[in-house]
Amino acid sequence: MELTREDLVEAKRQIDSTLHKLRETVKTFKAKENAERYKSQITLAKRRIKAFEVANWLIENELEK
């Protein structure tokens, strides 16, 4: 798959936006009165955050080439 620099920059921008939203979601769930009730949602959001961080790292490395 051939990607342009613009494709990578836009993908990174979208990932950064999604990461921000996911981090806010985790904060919201943790702040709930009964946070233990949202444990599975918090775990899922944290796993997604990690996956997007990996994708971001790969994009950044590709952009530095």
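## Exercise 1. A salt bridge within one helix

**Task.** Lys27 and Glu24 meet in a salt bridge; determine where the two residues lie and how exposed each one is.

**Solution.** Step 1: The side chains of Lys27 and Glu24 approach to 3.3 Å, N to O, where a salt bridge is a side-chain nitrogen of Lys or Arg within 4 Å of a carboxyl oxygen of Asp or Glu. The model is a predicted one, in which local features need pLDDT of at least 70 and side-chain atom pairs count only at pLDDT 80 or more, while totals for chains, interfaces and linings use all residues. Residues are numbered from 1 along each chain as its sequence is written, and side-chain values use heavy atoms, with hydrogens and water left out.

Step 2: Both Lys27 and Glu24 belong to helix α1, 3 residues apart, about one turn of the helix. Helices (H or I, at least four residues) and strands (E, at least two) are DSSP runs, numbered from the N terminus.

Step 3: Lys27 is exposed, with a relative accessible area of 52%, whereas Glu24 is partly exposed at 33%. The classes are buried under 20% relative accessible area, exposed over 50%, and partly exposed in between (1.4 Å probe, protein chains only).

## Exercise 2. The network around Lys12

**Task.** Identify the salt-bridge partners of Lys12 and state which parts of the chain they connect.

**Solution.** Step 1: Lys12 lies in helix α1 and, at 19% relative accessibility, counts as buried.

Step 2: One partner is Asp16, with the closest N and O atoms 3.0 Å apart. Lys12 and Asp16 are both in helix α1, 4 residues apart, about one turn of the helix. Asp16 is partly exposed, its relative accessible area being 33%.

Step 3: Glu60 is also a partner of Lys12 in a salt bridge, with the closest N and O atoms 3.3 Å apart. Because Lys12 lies in helix α1 and Glu60 in helix α2, the pair ties together parts that are 48 residues apart in sequence. Glu60 counts as partly exposed, at 32% relative accessibility.

Step 4: Leaving out residues up to four places away in sequence, Lys12 touches Asn56, Ile59, Glu60 and Leu63, a contact meaning heavy atoms within 4.5 Å.

Step 5: The count comes to 6 salt bridges. For the pair of the previous exercise, Lys27 and Glu24 both lie in helix α1. Salt bridges that share partners join Lys12, Asp16 and Glu60 into one network.

## Exercise 3. Buried or exposed?

**Task.** Decide whether Val26 is buried or exposed, and list the residues that Val26 touches beyond its sequence neighbours.

**Solution.** Step 1: Val26 is placed in helix α1, which covers residues 5-31.

Step 2: The relative accessibility of Val26 is 8%, so Val26 counts as buried.

Step 3: With residues up to four places away in sequence not counted, Val26 touches Ile42, Ala45, Lys46 and Ile49.

Step 4: From Val26 to Lys50 the distance is 13 Å, C-alpha to C-alpha, at 24 residues apart in sequence.

## Exercise 4. A nonpolar surface patch

**Task.** Which residues form a nonpolar patch on the surface, and what accessible area do they have together?

**Solution.** Step 1: The patch consists of Val54, Trp57 and Leu58, with about 320 Å² of accessible area together. Patches are made of residues with over 30% relative accessible area and no salt bridge; like charges are joined within 9 Å, and nonpolar side chains (Val, Leu, Ile, Met, Phe, Trp, Tyr) within 5 Å. Accessible areas come from the Shrake-Rupley method with a 1.4 Å probe; for residues, only the protein chains shown count as cover.

Step 2: Val54 is in helix α2 (residues 39-64) and is partly exposed, at 42% relative accessible area.

Step 3: Trp57 is likewise found in helix α2 and is exposed, at 52%. The C-alpha atoms of Trp57 and Leu44 are separated by 20 Å, the two residues being 13 apart along the chain.

## Exercise 5. The overall form

**Task.** Describe the secondary structure and the spread of the protein.

**Solution.** Step 1: The secondary structure comes to 2 helices and 0 strands.

Step 2: The radius of gyration is 15 Å, well over the 11 Å that the globule rule gives for 65 residues, so the protein is more spread out than a compact globule. This radius is taken over C-alpha atoms, and the globule rule is 2.2 Å times the number of residues to the power 0.38.

Step 3: Along its principal axes, the C-alpha trace spans about 45 × 20 × 15 Å.

Step 4: Of the 65 residues, 22% are buried. Among contacts with a separation of 6 or more, 66% involve residues 24 or more positions apart.
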